[in-house]
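Got your viewer open and a selection box ready? Let's walk through this one stop by stop.

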Amino acid sequence: MTALPEERFPSRRGRTGPSLYRDGAFAERPLTMREVTEDDLPELVRVDQEAFPDDPYPYFVLRQLCDLHGDCLLVLEDGESLHGYVLYVTTRDGYRSWIVSLGVTRDQRGRGLGRRLMLEVLRRLRGEDVREVRLTVEPANAAAIMLYRSLGFSSDEGVRHDYFGPGEDRLIMTLGL
């Protein structure tokens, strides 16, 4: 039996839940994960621009993603602002899900927020009996690749050249659930 990511990578020093994600920056405001709301759009745009300054989604795209997939767009917030988000979409047959985007503001990277978002998505997908999760990542994004590998994703297909158009190579990663 394959170990779940949570079992292979237990929380630090036995801490779990909100205490694991508290540090100096969040001592007074623990993070909450929830589904996006329409009121989050300005903050979601800000987070996306901070996370992907060279190629953020236009406002109208984020707007439509919220309208179409709001129940699959999770955000992390501290009561005042958003610090990260993840969007996943499942195929019509329910067999496969794609992580469309995972973004954490630059000032909050390295604190486990991306892992926290991904673990929640994987938990939800297991509950929906999804069998496979896929994502694409820029081949030079070593931090993201390390995160995904630590969660059990593999990249058997290797780099797909021009996947998102000329010069936009992507590494396709897959996790069986």
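What follows is a tour of a predicted model, beginning with the sheet and ending with the charged pairs.

**Stop 1: the sheet.** Show the cartoon and colour the strands. You have an open sheet of seven strands with mixed pairing, in the order β1-β2-β3-β4-β5-β7-β6. The edges are β1 (32-35) and β6 (159-160), each of which pairs on one side only. Helix α5 (residues 142-150) packs on the sheet and touches β4, β5 and β7, with its direction at about 15 degrees to that of β7.

**Stop 2: β3 to β4.** Select 82-90 and then 96-104. These are β3 and β4, running antiparallel and joined by seven bridges. To find one facing pair, pick leucine 87 in β3, which stands opposite serine 101 in β4.

**Stop 3: β5.** Now go to 132-137. How much of strand β5 is buried? Five of its six residues are, so to speak, under cover: the strand is mostly buried. On one side, four bridges join β5 to β4, and here the two strands run parallel. Tryptophan 98 stands opposite arginine 134 in this pairing. Add helix α4 (residues 113-127) to the view, and you can trace a right-handed β-α-β unit made of β4, α4 and β5. Then look at the pairing of β5 with β7 (residues 170-176), which is antiparallel and has six bridges. Threonine 136 has isoleucine 172 in β7 as its bridge partner.

**Stop 4: threonine 174.** Stay in β7 and select threonine 174. Its relative accessibility is 18%, so it counts as buried. The side chain of threonine 174 makes a polar contact with the side chain of arginine 134, at 3.3 Å. Show the surroundings and you'll meet further contacts of threonine 174, including Glu132, Val133, Gly152, Phe153 and Ser154.

**Stop 5: glutamate 77.** Jump over to strand β2 (residues 73-77), where glutamate 77 sits. Is glutamate 77 buried or exposed? At 13% relative accessibility, it counts as buried. What does its side chain reach? One target is the backbone nitrogen of glycine 79, at 2.6 Å; the side chain of arginine 34 is another polar contact, at 3.4 Å. Among the residues that glutamate 77 touches are also Pro30, Leu31, Thr32 and Leu82.

**Stop 6: salt bridges in the helices.** Side chains of opposite charge can pair when their charged atoms come close. The structure holds 14 salt bridges, and three of the helices are good places to look.

- In α2 (residues 41-51), arginine 46 and glutamate 50 are four residues apart, so about one helical turn separates them. Their side chains meet in a salt bridge at 2.7 Å, N to O. Arginine 46 is partly exposed at 25%, and glutamate 50 is partly exposed at 29%.
- In α3 (residues 59-69), arginine 63 and aspartate 67 are also about one turn apart, and they form a salt bridge at 3.2 Å, N to O. Arginine 63 counts as partly exposed at 24%, while aspartate 67 counts as exposed at 52%.
- In α4, glutamate 120 and arginine 123 are three residues apart, again about one helical turn. Their closest N and O atoms are 2.6 Å apart. Glutamate 120 is buried at 16%, whereas arginine 123 is partly exposed at 48%.

**Last stop: a network.** Select Arg96, Glu132, Arg134, Glu157 and Arg160 together: salt bridges that share partners join them into one network. You've already met Arg134, as the polar contact of threonine 174.

Terms used: Residues numbered from 1 in each chain as written. Predicted model: local features only at pLDDT ≥ 70, side-chain atom pairs only at ≥ 80, totals over all residues. Heavy atoms only, no water. Buried < 20%, exposed > 50% of the residue type's maximum accessible area, 1.4 Å probe, protein only. Polar contact = N/O pair within 3.5 Å; in protein donor to acceptor, adjacent residues only side chain to side chain. Contact = heavy atoms within 4.5 Å. Pairing = 2+ DSSP bridges. Right-handed = clockwise from strand over helix to strand, strands pointing away. Axes fitted to C-alpha atoms, helices over the stretch in contact; angles between N-to-C directions. Salt bridge = Lys/Arg side-chain N within 4 Å of Asp/Glu carboxyl O. Lists of a residue's contacts leave out its neighbours within four places in sequence.
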